[in-house]
Amino acid sequence: MGLTISVIGAGGKMGTRVTNNLVKHEKYNVLFSEKSEQGIKSIEERGYQVTATEDAVKRADVVIMAVPDTLIGKISEQIVPQLSNGAILLTLDPAAAYANQLALREDCTFVVAHPCHPSVFAENLTPEEHEDVFGGVAATQDIVAALHAGEEDKYSVAEQVAIDMYAPVGECHKITVEQMAILEPTAAEVVTGSAAVILREAYDEAVKKGVPESAARAFILGHIQICLSVVFKSSNPFSDACQIAIDYGLEEIYQPDWKKVFDQKSLDEVIDRMLEK
Ligand SMILES: NC(=O)c1ccc[n+]([C@@H]2O[C@H](COP(=O)([O-])OP(=O)(O)OC[C@H]3O[C@@H](n4cnc5c(N)ncnc54)[C@H](O)[C@@H]3O)[C@@H](O)[C@H]2O)c1
């Protein structure tokens with residue numbers, strides 16, 4: 001056993017995913033911390049024991065905070081003073097670190113690591129890889145990681161833990177916390193997530209207008225693929241008429257200044273909302 005890794009919130013969605021991967025490694029001694037009845041039950045049903053948070057934190061070389069972002073500030077205030085000297089605290093989303101809600105300590109290192117999820121353009125997938133749209137089970141994904149505060153050599157340890165907990169991983173892109181916040185929430189959730197909701201609403205609207213459901217589904221899902229290929233892979237150009245329709249959609253659907261969501265003010269606003277400040 002090389003490193004003791006304590007996962008706080010080990011019975012939640014991410015806690016379950018990351019502990020499932022970490023326990024595969026003999027080099028890690030994984031401790032499970034959880035608060036809710038449901039989370040504790042789920043850990044025990046998976047055959048693991050729950051360790052009291054204070055004990056888990058004190059014994060850990062690496063603490064992973066797999067708790068809701070709204071609680072990271074409060075829980076980090078409780079656990080950071082209990083970390084052992086030189087320990088690493090790993091969070092799974094940049095929001096709390098970006099908003100300076102994460103309690104820090106000079107002798108410890110703070111890293112954020114987030115999955116990119118498997119690419120929509122991944123090729124030659126097995127059925128298991130195809131099924132694993134989230135990543136962390138069968139399909140290879142890249143991840144991003146950032147050193148928020150602390151030492152570079154400890155960052156490298158945290159990066160390897162992140163690669164193992166999100167495995168299989170293609171590449172880990174080292175970026176800053178600010179860059180990660182531009183990617184998520186802004187690019188991935190504010191823009192991509194809302195666009196996905198609009199795509200779904202377009203499908204619902206077509207069905208409401210009388211298009212048979214199966215025809216609408218086939219047509220829209222196929223067009224999502226070809227449109228993404230044209231804009232991201234330049235697979236072939238849009239036809240002249242299609243380009244006119246796209247320009248009409250950009251005018252009618254989006255506000256001309258929509259890219260202001262990438263401004264610092266918008267980023268701060270959405271993160272404040274996410275953290276329920
Ligand atoms: N869910 C996703 O798709 C996803 C993807 C990437 C990153 N993340 C990040 O992962 C983190 C966890 O999110 P989630 O979706 O897994 O949350 P979740 O709500 O599914 O799980 C959180 C778990 O933490 C437990 N918990 C709360 N307070 C606790 C405490 N004081 N001590 C011990 N356990 C406690 C809860 O009981 C729950 O089981 C967040 O930072 C989130 O942004 C989530």
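## Rings, charges and a ligand in a predicted model

The C-alpha atoms at the two ends of residues 3-116 lie 25 Å apart, and this span is 36% helix and 24% strand. According to UniProt, in an unreviewed entry, residues 3-116 carry the feature "domain: KARI N-terminal Rossmann". Please keep in mind that the model is predicted.

Let us turn to the ligand. There are 20 residues around the ligand, and those that come nearest are Lys13, Met14, Glu34, Ser36 and Asp69. Three polar contacts are set out here, each with the atoms involved.

| Residue | Protein atom | Ligand atom | Distance |
|---|---|---|---|
| Gly9 | polar backbone atom | nitrogen | 3.5 Å |
| Ser36 | polar side-chain atom | oxygen | 3.2 Å |
| Asp69 | polar side-chain atom | oxygen | 2.6 Å |

On its own, the ligand has 830 Å² of accessible area, and the protein covers 80% of that.

Now for the aromatic rings. A pair of aromatic rings is described by the distance of the centres and the angle of the planes. How many aromatic pairs does a search of the whole structure find? The search returns two. One of them joins Phe32 and Tyr48, whose ring centres are 4.6 Å apart with 15 degrees between the planes, a stacked arrangement. This pair links distant parts of the chain, as its members are 16 residues apart. Phe32 belongs to strand β2 (residues 28-33), while Tyr48 sits in the loop between α2 (37-45) and α3 (53-59).

Are Phe32 and Tyr48 buried or exposed? Phe32 has a relative accessibility of 3%, so Phe32 counts as buried. Tyr48 has a relative accessible area of 28% and is therefore partly exposed.

Tyr254 and Trp258 also form a pair, with ring centres 6.3 Å apart. Why is this pair called tilted? Its planes meet at 50 degrees, and tilted pairs are those that are neither under 30 degrees, which would be stacked, nor over 60, which would be edge-to-face. Both partners are partly exposed: Tyr254 has a relative accessible area of 33%, and Trp258 has one of 31%.

Finally, which rings have a lysine over them? Lys174 lies over the face of Tyr155, at 4.5 Å from the ring centre. Over the ring of Phe121 sits the charged end of Lys233, 4.4 Å from the centre of that ring.

Notes:
Residues numbered from 1 in each chain as written. Predicted model: local features only at pLDDT ≥ 70, side-chain atom pairs only at ≥ 80, totals over all residues. Heavy atoms only, no water. Phe/Tyr/Trp six-rings, centres within 6.5 Å; stacked < 30°, edge-to-face > 60°. Helix = DSSP H or I, 4+ residues; strand = E, 2+ residues; numbered from the N terminus. Buried < 20%, exposed > 50% of the residue type's maximum accessible area, 1.4 Å probe, protein only. Lys NZ or Arg CZ within 6 Å of the ring centre and 35° of its normal. Near = heavy atom within 4 Å. Polar contact = N/O pair within 3.5 Å; in protein donor to acceptor, adjacent residues only side chain to side chain. Areas by Shrake-Rupley, 256 points an atom, 1.4 Å probe, with all protein chains shown as cover. UniProt positions renumbered as here; feature names shortened; annotations may be inferred.
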